[in-house]
Amino acid sequence: MEKAHAVTFESANIPAKQTKIRRTWREYKKSKYLLLMLLPVLVWYAIFCYGPMYGILIAFKDYSPVLGTWDSPWNHFAYFDYLFNQSPEFPRILRNTVIISGLNILFGFPAPIILALLLNELRISLFKKIAQSISYLPHFFSWVVLSGIVFLMLSPSTGPVNYVLGWFGIDPIYFLGDTRYFRFSLVVTNIWKEVGWGTIVYLAALSSIDQTLYEAARMDGANRWKQTWHVTLPSMLPIISIMFILSLGGILNAGFDQIYNLYSPAVFEVGDVIDTYVYRQGIVNFQMGLTTAVGLFKNVVGITLVLGTNYIVKKMGQEGVL
Amino acid sequence: MKMTTGEKVFQVILFLFILMLCVIAIYPFIHIASISFSAPKEAGRFGFHWFPRDVDLFSWKQLLTQKKIWIGMKNTTLRTVIGTVLSLIAMALAAYPLSRKHLPHRSFYTMIIVFTMFFSGGLIPTYLLIKDLHLLNNFWVYILPGLIPTFSMLIMRNFFMTIPVEVEESAKIDGANDMRILISIILPLSKPVLATLGLWAAVANWNAWFDAIIYVTDTDLKTIQFFLREVVVTSADAEIFGRVTGAANLQYETSIKAATVIFAVVPILIVYPFLQKYFVKGTMVGSLKG
């Protein structure tokens, strides 16, 4: 209280702006060690995160490595005009990206929720622990490693998957080389890698549910299924909505690591996505301005989706990420 | 609570179903390990490989005598150790100030950092920046660009925020500054979360492959993941398959690939059972705000 008085007294004599600066200065001096720690961090963010953002300028320029980012001549929206109106490839990569991501969300998003609910019902706790440990394992390997494994598993001539299909009289399928099966293979292998690890957030949410809620539901005569529907799922909604916002925000990230290691020219028609296109055209074929424009488009859509879904989810009464 | 008959049946079915999922999760690793020890004919047999039958160590000999595999192992180990240690230090330097309520303009600093999670320059501008910083063909390109994983850093910040202020107040009275408090009070209290985030950083470094492809052309700087890709994904490695010498290695292609995969994952497989609990601990973050 006394402090507040002192401030009002001071501001009676000195212009308000000056006191504000002085107060900020005092606060900064008081936290000088904190700021000293933060300084190198901010420098790092400025260089490695904001530095590339400056480089986005070349999406509007006729980039020449000799002239550099700043001195290259402007070509305004030429790349965007080309992408949206003329490019034969852009509609294809956009379509592939959205379809693959959409399938990943449609099947890959509910998968860990279902697995978590199933694990939660399991009464043998030792087996539950072992099952969890095993299911996390593929998450820790890179897609380079996993694609080596996937090639062998899905091979039409030696792979066990086609071997099992043979039991049912199904002819060997070229999962990674056939345009009809490539996207399906991406979705399934992605679930195989991430489903176990994805259960962690949901299992934690499940373990924090108030047990008295279940007792109350049982008193009211709710069976297992009804308990899941009326107690478990509503309690998990906040975390589900947060995870959903994050996954929607990444809809133009179809999974570069996975696709780049699994695809081949035979399936470009259905498997070439924004990120693989940017890498091939930008780094390999030196079309830097054009591919920066593609990257910018992707980023703008991504951030719009995150903010948009975040807003809608909040409107619906759930907690958002921001 | 007693189980009814229906419940028992449900438990049995559930058990079998989860067991099947576990087998699906782990079988591919068993399969590939068996193949790596198999003679060419056995390696090419259609069907399951639960254990190596016609044992042949040629593929492993061929792999382990490749000099570049060991160069890759050395570089990967170096980047994993250095990258993890520096990442943890940098994350702590970011997370601690951002977790203190009295830091002036705290929400502004948090915002400019969180923004980078949702918006970035993209691949090409990043590449050009790395080039301008003379980091191409430089070991530090493995460390610096990914030094602070923002998501992990925010998990650390959220953990620091849960440490009660009283803990550090007594130290403040004794004249300790914020730097001292971080080192001698906050960090020792945060061991579980440091272990988790450190392991994540280590795994990310071990698995990173793309930086070695786009930023590095010097063979002496390549990582194990790069060589693995050359062997397994693109089959571009002529030497290991004996294309140069015209040796009979070609028929060993499948088992050489399998051996290379196993070689790259063995270090993770060895530490995983012991460190498993740390991987999961402290992973919980509700949201980014606060």
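**A colleague's note on the two-chain model**

1. A good place to start is where the chains meet: 72 residues of chain B are in contact with 68 residues of chain A. Please keep in mind as you read that this is a predicted model. On the side of chain B that touches chain A, the elements giving two or more residues are α1 (5-36), α4 (67-99), α5 (106-118), α6 (123-132), α9 (178-189), α10 (191-207), α12 (224-232) and α13 (253-280) of chain B. The largest share of that side, 12 residues, is given by α1(B). Sorted by class, the side of chain B that touches chain A holds 50 nonpolar, 16 polar and 6 charged residues.

2. Next, the domains. Chain A is split into domain 1 (2-62) and domain 2 (78-315), and the centres of these two domains of chain A, taken over C-alpha atoms, lie 40 Å apart. Their contact draws 5 residues from domain 1 of chain A and 6 residues from domain 2 of chain A. On the domain 1 side of that contact in chain A there are 3 nonpolar and 2 charged residues, with no polar ones.

3. Chain B has its own assignment, with domain 1 at 1-56 and domain 2 at 77-202. Here the separation between the domain centres of chain B, again over C-alpha atoms, is 41 Å.

4. Now for the interior. In soluble globular proteins, nonpolar side chains tend to be buried together. The largest nonpolar core in this model has 119 residues, and those with the most contacts inside it are Val145(A), Ala94(B), Ala95(B), Met156(B), Leu228(B) and Val261(B). Helix α9 (residues 143-154) of chain A supplies the largest share of this core, 10 residues. Leaving aside residues up to four places away in sequence, Ala94(B) touches Leu38(A) and Val41(A) as well as Ile148(B) and Met153(B). Another core, of 17 residues, lies apart from the largest one and includes Ala131(A), Trp192(A), Val195(A) and Met236(A).

5. Two helices of chain A are worth a visit, beginning with α7(A). This helix, residues 110-121, has 12 residues and reaches 17 Å from its first C-alpha to its last, close to the 16 Å expected. Its buried residues are Pro112(A), Ile113(A), Leu115(A), Ala116(A) and Leu119(A). They are on the same side of α7(A) because they cover an arc of only 165° around the axis. The face turned away from that buried side carries the exposed residues Pro110(A) and Ile114(A). The buried residues of α7(A) pack against α8 (125-136), α11 (182-207) and α13 (224-249) of chain A.

6. The second helix is α8(A). Its 12 residues should span 16 Å at 1.5 Å a residue, which agrees with the 17 Å between its end C-alpha atoms. Buried on α8(A) are Ala131(A), Gln132(A), Ser135(A) and Tyr136(A). They cover an arc of only 125° around the axis, so they are on the same side of α8(A). The packing partners of these buried residues are α7 and α11 of chain A, together with α1 of chain B.

7. A last stop is Val55(B), in the loop between α2 (40-43) and α3 (58-64) of chain B. Is Val55(B) buried or exposed? Val55(B) counts as exposed, because it has 11 C-beta neighbours inside 10 Å. Val55(B) also lies 4.8 Å from Ser38(B), C-alpha to C-alpha, although the two are 17 residues apart in sequence.

Technical notes: Residues are numbered from 1 along each chain as its sequence is written. Chains are lettered from A and ligands numbered from 1 in the order in which they are written. This is a predicted model: local features need pLDDT of at least 70, side-chain atom pairs count only at pLDDT 80 or more; totals for chains, interfaces and linings use all residues. Domain bounds come from an automatic or database domain assignment. Helices (H or I, at least four residues) and strands (E, at least two) are DSSP runs, numbered from the N terminus. The expected span of a helix is 1.5 Å times one less than its number of residues. A residue is buried if 20 or more other C-beta atoms lie within 10 Å of its own, exposed if 12 or fewer, and partly exposed in between; C-beta atoms are placed from the backbone. The arc is that of the directions from the helix axis to the C-beta atoms. Two residues are in contact if their C-beta atoms, placed from the backbone, lie within 7 Å. Ala, Val, Leu, Ile, Met, Phe, Trp, Tyr, Cys and Pro count as nonpolar, Asp, Glu, Lys and Arg as charged, and the others, Gly among them, as polar. A nonpolar core is a set of buried Ala, Val, Leu, Ile, Met, Phe, Trp, Tyr and Cys residues joined through C-beta atoms within 7 Å.
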